[in-house]
Each structure stands twice: as C-alpha cells, then as structure tokens.
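The report below walks through selected features of one model, beginning with helix packing and then turning to the ligand and the backbone.

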Amino acid sequence: MGERLAVVSGGGTGIGAAVVRGLVIDGYDVIIVGRRGEVLRETAERISWESGRSSAVQAVVADLTDPAQVAGVVAAVGERTVDAVVNNAGGYLGGDTDTLVDVAAWWRANLDANVLTAVLLTEALLPALRRPGGRVVLVGSIAAQRGGAGPYSAAKAALHGWAYDLAARLGNEQITVNVVSPGYVADTEFFGDRMTPEGHAARVAATLVGRAGEPDDIAAAVRYLVGPSAGYVTGQVLGVNGGSVLGR
Ligand SMILES: NC(=O)c1ccc[n+]([C@@H]2O[C@H](COP(=O)([O-])OP(=O)(O)OC[C@H]3O[C@@H](n4cnc5c(N)ncnc54)[C@H](OP(=O)(O)O)[C@@H]3O)[C@@H](O)[C@H]2O)c1
C-alpha cells in the first residue's frame, strides 16, 4: 500500500492515465474516476501490474457532473486522507446554435463537463484533504488563454477564477491550488475523429519547440505541483504548451 493517496478524475485515458502512472511511480495509491467502467478497470489493472503493487490503482465509476455519483468517490476514499485531487476530467463537447435552447444546451454541457466535474469532486473531497500539505490541481486548457473553442474556452477560463478563490480559501491550511494549462496534446481521446493531418501540422507549427505535446509532458507538471517541493506555489496557471502561448 502506498503511503499517500491521490484521486485523479478522467484517469482512465490520455493525460489522466499518464498522471496516474507518474503518481504511482512517486509512491501514491490512486483512485481513478470516469464514466466508463471497462476503460477505468483496464487502466487500473495495467498500471497496478506495471508497478508491482496489485492494488495501487482503484477504479470508481461516476459521472462527476452528478452530485449523487460523486458520493461514490467519497465512499471509496472512506476514512483515508487524500493528499491530492487532480481534476483532469473534461473535454470539448460539440453542439448546435440553431436556437437559443440549443445554445443553452451546448454551453451547459461544456460548463458541466469542465467546471462542475472539478467543483463537485473537489468540494466533496475537501473534508478528507490533508492539512497541512494537501494539493488540488485543475487541468485547464490553452483555449482559456487564447480562445478558439467557444463554451469550452469559457469553461476552462472559469477554472482560473475558481482556482484563485480556492487557493485563498485553503492557503492558511497549507493546501495549494493550481491550474495546469495544456497546449496541444496528441495521443488522447480528446480530439476523437475531429483531428486532421492539417490540424495537427498547424498546432505543431504554432509551438516554439516544433512538436505536439505528449500526455507525459502534462503529467510531469502535475507531479511537480502535487509533490512536496511545490508548497510555495499556489494560485498559479502553469502553461505546458511548447511555447504556443507565452507566459505573462
Ligand atoms: N488533448 C489536448 O490537446 C488537451 C489540451 C488542453 C486541455 N486538455 C484537457 O485535458 C484533460 C484530459 O484530456 P485528454 O486530452 O486526456 O482527453 P481524454 O482522453 O478524452 O480524457 C478525458 C477524460 O475525462 C473523463 N471524463 C469526461 N467527462 C467526465 C465526467 N462527466 N465524469 C467523469 N469523467 C469524465 C473521460 O472518461 P469517460 O469518458 O469514461 O468519462 C476521459 O477519461 C481534459 O480536461 C481536456 O479538456 C486536453
């Protein structure tokens, strides 16, 4: 059994799975949360097996937009202390704009998927978070900083303001709250069948380093912020984007 416990939403795929693998290497037990049980169980089994710790990763099936299902994560944590909550679940959801009802549905879907998932999971786990030393990480997006994706951009930007408030609320308990803002990361389920060779090339060309991001690039930043040496870093937005958007 690891000495520390992390909860990673969307930990079954892409960036989340890379974060889980990294945190397990760092000695954490990890609870991963998502809606698809098969995907979660396969990832949990694979990473646990790779680590040689058979119960390193535990899968909990929950749609984190639903408060009732978030309770299942709290139950899985039980009496344990949570060292880190990594709010990685989210994604761009397409929608129609034919009517205002369509517009409302499209915006609500993106706000639910990217904001509510993080707010509900974090609020539910706050009582269990380690004091002092707990960590909250929100996975935002470069879209929050440069636009380009309508309600998804707006939803990811909303995480920034909430992170600042939460960092202020929890700072006196030595709990840090930060946003990791990825640029283009290939090899995840994010783009589904939306990505074209031209779209890929344009995103790579927009970086200063001339390549697409990998899930491990983002996981490295999350591992740093979760780790013991990052206790003086809070209320920050850390861009991991190959230089596509410059820091300010
Ligand atoms: N890839 C990129 O270029 C990129 C760039 C910037 C930001 N990001 C952000 O990075 C994060 C991870 O994305 P990714 O690229 O790794 O894509 P991904 O493979 O699609 O990962 C998203 C994960 O979130 C889970 N999820 C989505 N909605 C959920 C819900 N309501 N409840 C519980 N789990 C939910 C999904 O699992 P289920 O479907 O099984 O629920 C999936 O495992 C996302 O927040 C995304 O917006 C990605």
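## Helix packing, ligand contacts and backbone

In this predicted model, helix α1 (residues 14-25) packs against helix α8 (residues 215-226) at an angle of about 50°, and their axes are 8 Å apart. The two helices, α1 and α8, are therefore oblique to each other, and the crossing in which α1 passes α8 is right-handed. On the α1 side the contact is made by Gly-14, Ile-15, Ala-18, Val-19, Arg-21, Gly-22, Leu-23 and Ile-25, while α8 contributes Pro-215, Asp-216, Ile-218, Ala-219, Val-222, Arg-223 and Val-226. Sorted by character, the residues of this contact of α1 with α8 comprise ten nonpolar, two polar and three charged.

A second helix pair is formed by α4 (residues 100-125) and α6 (residues 150-170), which pack at an angle of about 25° with their axes 8 Å apart. Because angles under 35 degrees count as roughly parallel, α4 is roughly parallel to α6. The crossing of α4 and α6 is right-handed. Among the residues that make the contact are Trp-106, Trp-107, Asn-110, Leu-111 and Glu-123 of α4, together with Tyr-152, Lys-156, Trp-162, Leu-166 and Arg-169 of α6. The residues of the contact of α4 with α6 divide into 14 nonpolar, four polar and three charged.

Two residues named in that contact on the α6 side, Tyr-152 and Lys-156, appear again at the ligand. There are 29 residues around the ligand, and those that come nearest are Thr-13, Arg-35, Arg-36, Tyr-152 and Thr-188. The table lists side-chain polar atoms and their distances to ligand atoms.

| Residue | Ligand atom | Distance |
|---|---|---|
| Thr-13 | oxygen | 2.7 Å |
| Lys-156 | oxygen | 2.8 Å |
| Asp-63 | nitrogen | 3.0 Å |

For Thr-13 and for Lys-156, the side-chain partner of the ligand oxygen is an N or O atom, whereas Asp-63 places a polar side-chain atom 3.0 Å from a nitrogen atom of the ligand.

Two backbone features in loops remain to be noted. The peptide bond from Arg-131 to Pro-132 is cis, with omega near -5°, and Pro-132 belongs to the loop between α4 and β5 (135-139). Gln-174, although it is not a glycine, has a positive phi of about 60°, and this residue, Gln-174, is found in the loop between α6 and β6 (176-182).

Technical notes: Residues numbered from 1 in each chain as written. Predicted model: local features only at pLDDT ≥ 70, side-chain atom pairs only at ≥ 80, totals over all residues. Heavy atoms only, no water. Axes fitted to C-alpha atoms, helices over the stretch in contact; angles between N-to-C directions. Helix = DSSP H or I, 4+ residues; strand = E, 2+ residues; numbered from the N terminus. Parallel < 35°, antiparallel > 145°, perpendicular 65-115°, else oblique. Left-handed = near helix turned anticlockwise from the far one by under 90°. Contact = heavy atoms within 4.5 Å. Nonpolar A, V, L, I, M, F, W, Y, C, P; charged D, E, K, R; others polar. Near = heavy atom within 4 Å. Polar contact = N/O pair within 3.5 Å; in protein donor to acceptor, adjacent residues only side chain to side chain.
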